[in-house]
Amino acid sequence: MDFSEKEKGKLKIEVRNEAKEIFKNYKFSDDQEIIENNSDNGTITVSLTPKSLDVCKWLLSFGANITPLSPTTIVAIWKEEIKKMYENLNRPINANINLE
């Protein structure tokens with residue numbers, strides 16, 4: 001789930017709800033840009049160069065408040081990870097697991 005060295009560059013994401021304030025109040029990269037979208041959905045578009053190569057885990061930490069728009073490799077990895085999480089919802093939980 002990493003941003004490989006050859007893919008390293010600008011990340012573009014759509015941000016909504018409480019995550020908007022996080023991006024407006026915290027600078028995640030020196031080249032971070034915020035565009036207020038002129039639509040009824042109340043989103044902003046943020047472009048930035050990630051400081052970490054582990055971009056997808058960071059994006060997933062925002063839950064449904066973030067949608068990656070580009071690059072396409074990150075969008076595909078993000079979608080695949082969400083698909084795996086959804087598939088895990090249908091797996092039985094083993095209550096007999098000893099966590100000690």
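Which residues of H3 are buried? The tour comes back to that helix after a look at the whole chain.

**Before you start**

This is a predicted model, in which local features need pLDDT of at least 70 and side-chain atom pairs count only at pLDDT 80 or more, while totals for chains, interfaces and linings use all residues. Residues are numbered from 1 along each chain as its sequence is written, and side-chain values use heavy atoms, with hydrogens and water left out.

**Whole chain**

Colour the chain by pLDDT, the predictor's confidence in each residue, from 0 to 100. The mean pLDDT is 83, and 82% of the residues reach 70 or more. Select residues 1-7: pLDDT stays under 50 there, and the model has 21 contacts beyond four places in sequence for this stretch. A contact means heavy atoms within 4.5 Å.

Switch to a cartoon view. The chain has three helices and four strands, and from the N terminus on they run β-α-β-β-α-β-α. Helices (H or I, at least four residues) and strands (E, at least two) are DSSP runs, numbered from the N terminus. Of the 100 residues of the chain, 30% count as buried. Buried means under 20% relative accessible area, exposed means over 50%, and partly exposed lies in between (1.4 Å probe, protein chains only).

**Stop 1: strand S3**

Select residues 44-48, which form strand S3. Five of its five residues are buried. Show the side chains: Ile44, Val46 and Leu48 point one way, and Thr45 and Ser47 point the other way. In a regular strand the side chains alternate between the two faces of the sheet.

Now add S1 (residues 11-15), which pairs with S3 in the antiparallel sense over five bridges. Two strands pair if DSSP finds at least two bridges between them. Add S2 (residues 33-36) as well; S2 and S3 run antiparallel and are joined by four bridges. Centre the view on Thr45 in S3: Glu14 stands opposite Thr45, and Ile35 also stands opposite Thr45.

**Stop 2: helix H3**

Select residues 72-89, which form helix H3. At 1.5 Å a residue, its 18 residues should span 26 Å, and the end C-alpha atoms are 26 Å apart, which agrees. The expected span is 1.5 Å times one less than the number of residues.

The buried residues of H3 are Ile74, Val75, Trp78 and Glu81. They cover an arc of only 130 degrees around the axis, which puts them on the same side of H3. The arc is that of the directions from the helix axis to the C-beta atoms. An α-helix has 3.6 residues a turn, so residues three or four places apart point the same way.

What do the buried residues of H3 pack against? Select S1, helix H2 (55-60) and strand S4 (66-70) to see their partners. Then turn to the face of H3 directed away from its buried side, which carries the exposed residues Thr72 and Lys79.

**Stop 3: salt bridges**

A search of the whole structure finds six salt bridges. Each is a side-chain nitrogen of Lys or Arg within 4 Å of a carboxyl oxygen of Asp or Glu. Stay on H3 and select Lys84 and Glu81, whose side chains meet at 3.9 Å, N to O. Both lie in helix H3, three residues apart, about one turn of the helix. Lys84 counts as partly exposed, at 40% relative accessibility.

Select Arg16 and Glu14 next: the closest N and O atoms of this salt bridge are 2.6 Å apart. Arg16 and Glu14 are both buried.

The side chains of Lys10 and Glu33 meet in a salt bridge at 3.3 Å, N to O. This pair links distant parts of the chain, with Lys10 in the segment before S1 and Glu33 in strand S2, 23 residues apart. Lys10 is partly exposed, with a relative accessible area of 38%, and Glu33 is partly exposed at 45%.

**Stop 4: two backbone details**

Most residues other than glycine have a negative phi, and most peptide bonds are trans. Select Asn17, in the loop between S1 and helix H1 (19-25). Asn17 has a positive phi of about 55 degrees although it is not a glycine. Its relative accessible area is 47%, which is partly exposed.

Finish at Pro71, in the loop between S4 and H3. The peptide bond from Ser70 to Pro71 is cis, with omega near 5 degrees.
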